[in-house]
Amino acid sequence: MMGYEQMNQMTMTTTAMMKNYNKRGLNNNTPQKKIMTRRSVSAIDGGAAAAAAEKGDRSQNLKTLDLSGMSLASLSASSINLASISQLDLSNNNIQKIPESLVARMLNLSALDLHSNQLKTLPNSIGCLSKLKFLNVSGNYLQFLPKTIEDCRSLEELNANFNELTRLPDAIGFELTNLIKLSVNSNKIIQLPQSVSHLTSLRVLDARLNRLGSLPEDLENLVNLQVLNVSQNFQYLTTLPYSVGLLISLVELDVSYNGITVLPHSLGCLRRIQKLSVQGNPLISPPFEVVEQGLEALKQYMSEKMTESYKKTPTKKKSWGIGKLVKYGLSSSPGRRTGRGDERQGFINVSDYRQIDGIASPRHMSLFNPRRLLSPLSAYFSPPRY
């Protein structure tokens, strides 16, 4: 740590100013006045910066701390008070590791900027940041995000561009339900987790310049998604799921420079689409002469193809499984249909199934025997003997 004599040689300036993170995509409807301390030093290590930051905290009730571009190589967990800091900028330094104990004390942190450092991992204690809304870890060497990031349930924007990520946490979509923008471009991601389709608040998904081989099937659940960019996955991405055309809020779709040969006909359903980029693909359908006519011509072509496909599809009699009994209910009387309208709603003919009172017969009562219920799983799930 730098001595006190060297500390006295540093030039320190303190100014009061507004620091607005809205420029990174966060919405703040009730902006509050922030106090920011910015220190300009000729040479400084992590310990000295921490000591200086602590002094600033005590004297000015610091809310925003900017330590960006100060050539920091490390941070001291014991000499900095982070309890009252709401925004912390540590970008453009040489930090290789964030102490676990330091992050665990950022309980009121809402914005954390770590971009352009030397980080290979993030601390597991990042899950303690329950108020975190903005996280920028782009421009590092991260190969994965800690699973505990799923506990940052207030997170609205996650920027992990320009790393070495090969995957995202499997349950990220189940937990980060407030996420509005997810940027993971310029990584090595092979597949997005299926849980991504549960990010119902998501408006922007940027996954370009990866190695994506496919997209999740249930994308239609992303009812607020406005921008989807999966361009430049090159030979890895060869198909798009049908659900891409069911994104009701989609305004911009970029699938350029991939290996896609056939676009799904469902793209004709994109009523709000304003920008569609498909260049750089070996497209067979739609043909090139349609693509070069522009967006409206392409949408019209897709819509017509979808109509033709629907007309050519033979009507098949649906065979309902037992699972539909719970979801759709039964007809009012056994052995009798309630009409074509009910059949379209999923009602079934009870005569096709065994009478329910048969389940109470002696040969079925063994299923509910306490000994059977407490027996090993293999015995419990074995079929009854007739």
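**Exercise 1. Take stock of the chain: how many helices and strands are there in the protein chain?**

*Solution.* Start with the secondary structure of this predicted model: the protein chain holds 11 helices and 11 strands. Next, turn to burial: of the 386 residues in the chain, 44% are buried. Then look at the outside, where the chain exposes about 21400 Å², with 52% of that area supplied by carbon and sulfur atoms. Finally, check the contacts: among those between residues at least 6 apart in sequence, 41% join residues at least 24 apart.

**Exercise 2. Find the largest nonpolar core: which residues have the most contacts inside it?**

*Solution.* The largest nonpolar core has 70 residues. Within this core, the residues with the most contacts are Leu 88, Leu 135, Leu 158, Leu 182 and Leu 253. Now ask about helices: α3 (100–104) and α6 (295–312) each supply at least two residues of the core. The largest share, 3 residues, comes from α6. As background, nonpolar side chains in soluble globular proteins tend to be buried together.

**Exercise 3. Now visit the surface: is Tyr 257 buried, partly exposed or exposed, and why?**

*Solution.* First locate the residue: Tyr 257 sits in the loop between β10 (252–254) and β11 (275–277). Its relative accessibility is 42%. Buried means under 20% and exposed means over 50%, so Tyr 257 counts as partly exposed. Last, see its company: Tyr 257 joins Leu 209, Phe 234 and Tyr 236 in making a nonpolar surface patch of about 370 Å².

Key
Residues are numbered from 1 along each chain as its sequence is written. This is a predicted model: local features need pLDDT of at least 70, side-chain atom pairs count only at pLDDT 80 or more; totals for chains, interfaces and linings use all residues. Side-chain values use heavy atoms; hydrogens and water are left out. Patches are made of residues with over 30% relative accessible area and no salt bridge: like charges are joined within 9 Å, nonpolar side chains (Val, Leu, Ile, Met, Phe, Trp, Tyr) within 5 Å. Accessible areas come from the Shrake-Rupley method with a 1.4 Å probe; for residues, only the protein chains shown count as cover. A salt bridge is a side-chain nitrogen of Lys or Arg within 4 Å of a carboxyl oxygen of Asp or Glu. Helices (H or I, at least four residues) and strands (E, at least two) are DSSP runs, numbered from the N terminus. Buried means under 20% relative accessible area, exposed over 50%, partly exposed in between (1.4 Å probe, protein chains only). A nonpolar core is a set of buried Ala, Val, Leu, Ile, Met, Phe, Trp, Tyr and Cys residues joined through side-chain atoms within 4.5 Å. Contact means heavy atoms within 4.5 Å.
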